[in-house]
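Work through the exercises below with the model open beside you. Try each task before you read its solution.

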Amino acid sequence: MKILLTGAAGQVGTDLLPLLTERGDQVLAFDLAPAPKHLPDGVEWVRGDVTQSAEVYDAVSGFKPDRIMHFAAILSARGEQIPHRAWRVNMDGTLHVLEAARLFGKPQVFYTSTIAAFGPGLPNPVGDDVPLRPSTMYGVTKVAGERLGEYYQSHFGLDFRGVRFPGLINAGIPGGGTSDYALFMYVDGLRTGRYECFVSPQSRIPFMYMPDALRAVLELSDAPQKSLGRSIYNIAAISPSAEEIAAAVRARIPGVELTFKSDPERQAILDSWPQVLDDHHARFEWGWNHEFDLDGMSDDLLPKVRELIAKEGGGEKLHA
Ligand code: AKB
């Protein structure tokens with residue numbers, strides 16, 4: 001299978017790339033960032049910008065992918081600092097990907113939406129079909145991207161599908177998200193022995209360990225189109241409070257100092273998101289099931305974070 005992966009150097013793309021090549025997929029990795037030193041076999045890297053339609057069209061018309069996995073995006077916290085740029089990357093980027101797919105062979109377009117598509121005041125658990133009234137530029141662009149993809153599906157017969165990701169946790173470099181505090185507890189907890197969390201201890205949102213998130217992407221992307229009753233699916237795993245995550249870290253890193261000092265802007269973003277998701281459509285229609293709970297994730301993650309810190313020579317780069 002030929003897969004064009006936008007945002008290949010991002011938090012999800014970095015972990016998805018080796019998984020795709022292990023499956024035998026041929027991948028064109030598309031990102032603003034230069035190619036990493038060690039590229040897996042079967043990957044070609046092109047430095048490209050999703051806001052430039054010609055660069056996206058050239059990549060799609062030249063590579064002729066069977067699927068485009070569109071992960072290039074500016075996340076919630078960063079998006080509030082640079083809202084116009086967030087619009088261009090998230091919105092124009094998605095339009096260019098959809099238009100390129102329409103023009104050149106109609107590959108499947110896999111889209112990544114988010115819990116940031118939801119706004120405040122919804123009763124938990126929050127289902128797929130509630131009103132979407134996001135409070136961030138990131139959320140606005142993700143909701144518009146969902147609807148734009150559905151427009152291409154209904155008007156041009158494009159195979160458009162995707163998931164609403166919870167906050168994702170992996171041994172990686174977080175990239176401007178509000179949910180990044182969870183990952184920082186593990187990374188800084190190991191790297192420096194302390195972390196001051198920028199939300200309150202009671203803060204609770206849906207989270208997912210990256211291996212589950214990547215499996216969700218592959219399972220939904222592989223699902224027969226006729227089994228799907230919708231294009232965009234909530235997917236859920238765990239919903240720990242910040243204090244519960246801290247307790248899991250403290251139990252595994254003796255002596256670590258984790259404290260809380262809520263930052264009003266990021267706290268407000270977080271408080272506008274659901275605490276718990278209802279993902280029964282994903283579970284019934286394509287068999288979604290998460291594997292990792294908080295303990296399972298913490299046990300699996302810490303050795304990987306340790307390895308990453310060693311590789312990064314102390315890990316200074318690992319803090320946003
Ligand atoms: C963010 O925090 O912006 C992202 C997300 C929840 O989509 N991780």
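The exercises that follow use a predicted model.

**Exercise 1. The ligand shell**

Task: Find which residues surround the ligand, and sort them by class.

Solution.
Step 1. List the shell. The ligand is surrounded by Leu75, Ser76, Thr114, Ile115, Tyr138, Gly177, Thr178, Ser179 and Trp273.
Step 2. Sort by class. Four residues of the shell are nonpolar and five are polar. None is charged.

**Exercise 2. Polar contacts to the ligand**

Task: For Ser76, Tyr138 and Ser179, state which kind of ligand atom lies by the polar side-chain atom, and at what distance.

Solution.
Step 1. Take Ser76. An N or O atom in the side chain of Ser76 is 2.5 Å from an oxygen atom of the ligand.
Step 2. Take Tyr138. A polar atom in the side chain of Tyr138 lies 2.7 Å from a ligand oxygen atom.
Step 3. Take Ser179. Here the partner is a nitrogen atom of the ligand, 2.9 Å from a polar side-chain atom of Ser179.
Step 4. Add the cover. On its own, the ligand has 250 Å² of accessible area, and the protein covers 95% of it.

**Exercise 3. Placing Ser179**

Task: Is Ser179 buried or exposed, and what does Ser179 touch?

Solution.
Step 1. Locate Ser179. It sits in the loop between strand 7 (167-169) and helix 6 (180-191).
Step 2. Apply the cut-off. Buried means under 20% relative accessible area. Ser179 has 10% relative accessibility, so Ser179 counts as buried.
Step 3. List the contacts. Residues up to four places away in sequence are not counted. Ser179 then touches Gly167, Leu168, Ile205, Phe207 and Trp273.
Step 4. Link back to the ligand. Trp273 and Ser179 both belong to the ligand's surroundings.

**Exercise 4. Backbone details**

Task: Find where the cis peptide bond is, and in which loop Pro125 lies. Then examine phi at Lys64 and Lys106.

Solution.
Step 1. Find the cis bond. It joins Asn124 and Pro125, with omega about -5 degrees. Pro125 is in the loop between strand 5 (108-114) and helix 5 (137-156).
Step 2. Check Lys64. Its phi is near 55 degrees, a positive value in a residue other than glycine. Lys64 is in the loop between helix 2 (53-63) and strand 4 (67-70). Its relative accessible area is 57%, so Lys64 is exposed.
Step 3. Check Lys106. Its phi is near 50 degrees, again positive in a residue other than glycine. The loop that holds Lys106 runs between helix 4 (83-103) and strand 5. Its relative accessible area is 42%, so Lys106 is partly exposed.

**Exercise 5. The nonpolar cores**

Task: How many residues does the largest nonpolar core have, and which elements supply at least two residues each?

Solution.
Step 1. Recall a tendency. In soluble globular proteins, nonpolar side chains tend to be buried together.
Step 2. Count. The largest nonpolar core has 41 residues. Tyr181, Met185, Tyr186 and Ile245 have the most contacts inside this core.
Step 3. Name the elements. At least two core residues come from each of helix 6, strand 8 (194-197), strand 9 (207-209), helix 8 (242-250), helix 9 (264-271) and helix 11 (294-311). Helix 6 gives the largest share, seven residues.
Step 4. Zoom in on Met185. Leaving aside neighbours within four places in sequence, Met185 is in contact with Tyr195, Cys197, Ala242, Ile245, Ala246, Val249 and Leu258.
Step 5. Look for another core. A second, separate core has 33 residues, including Ile3, Val163, Ala213 and Ala223.

**Exercise 6. Three residues compared**

Task: Decide whether Ser200, Glu99 and Leu190 are buried or partly exposed.

Solution.
Step 1. Ser200 is in the loop between strand 8 and strand 9. At 18% relative accessibility, Ser200 counts as buried. Beyond four places in sequence, Ser200 touches Ala242, Phe260, Ser262 and Gln267.
Step 2. Glu99 lies in helix 4. Its relative accessible area is 15%, so Glu99 is buried. Leaving aside neighbours within four places in sequence, Glu99 is in contact with Tyr57 and Tyr152.
Step 3. Leu190 belongs to helix 6. With a relative accessible area of 22%, Leu190 is partly exposed. Beyond four places in sequence, Leu190 touches Ile253, Leu302, Val305, Arg306 and Ile309.

Notes: Residues are numbered from 1 along each chain as its sequence is written. This is a predicted model: local features need pLDDT of at least 70, side-chain atom pairs count only at pLDDT 80 or more; totals for chains, interfaces and linings use all residues. Side-chain values use heavy atoms; hydrogens and water are left out. Helices (H or I, at least four residues) and strands (E, at least two) are DSSP runs, numbered from the N terminus. Buried means under 20% relative accessible area, exposed over 50%, partly exposed in between (1.4 Å probe, protein chains only). Contact means heavy atoms within 4.5 Å. A residue is near a molecule or strand if one of its heavy atoms lies within 4 Å of it. A polar contact is a pair of N or O atoms within 3.5 Å; within protein, one must be able to donate a hydrogen and the other to accept it, and residues adjacent in sequence count only if both atoms are side-chain atoms. Accessible areas come from the Shrake-Rupley method with a 1.4 Å probe; for residues, only the protein chains shown count as cover. Ala, Val, Leu, Ile, Met, Phe, Trp, Tyr, Cys and Pro count as nonpolar, Asp, Glu, Lys and Arg as charged, and the others, Gly among them, as polar. A nonpolar core is a set of buried Ala, Val, Leu, Ile, Met, Phe, Trp, Tyr and Cys residues joined through side-chain atoms within 4.5 Å.
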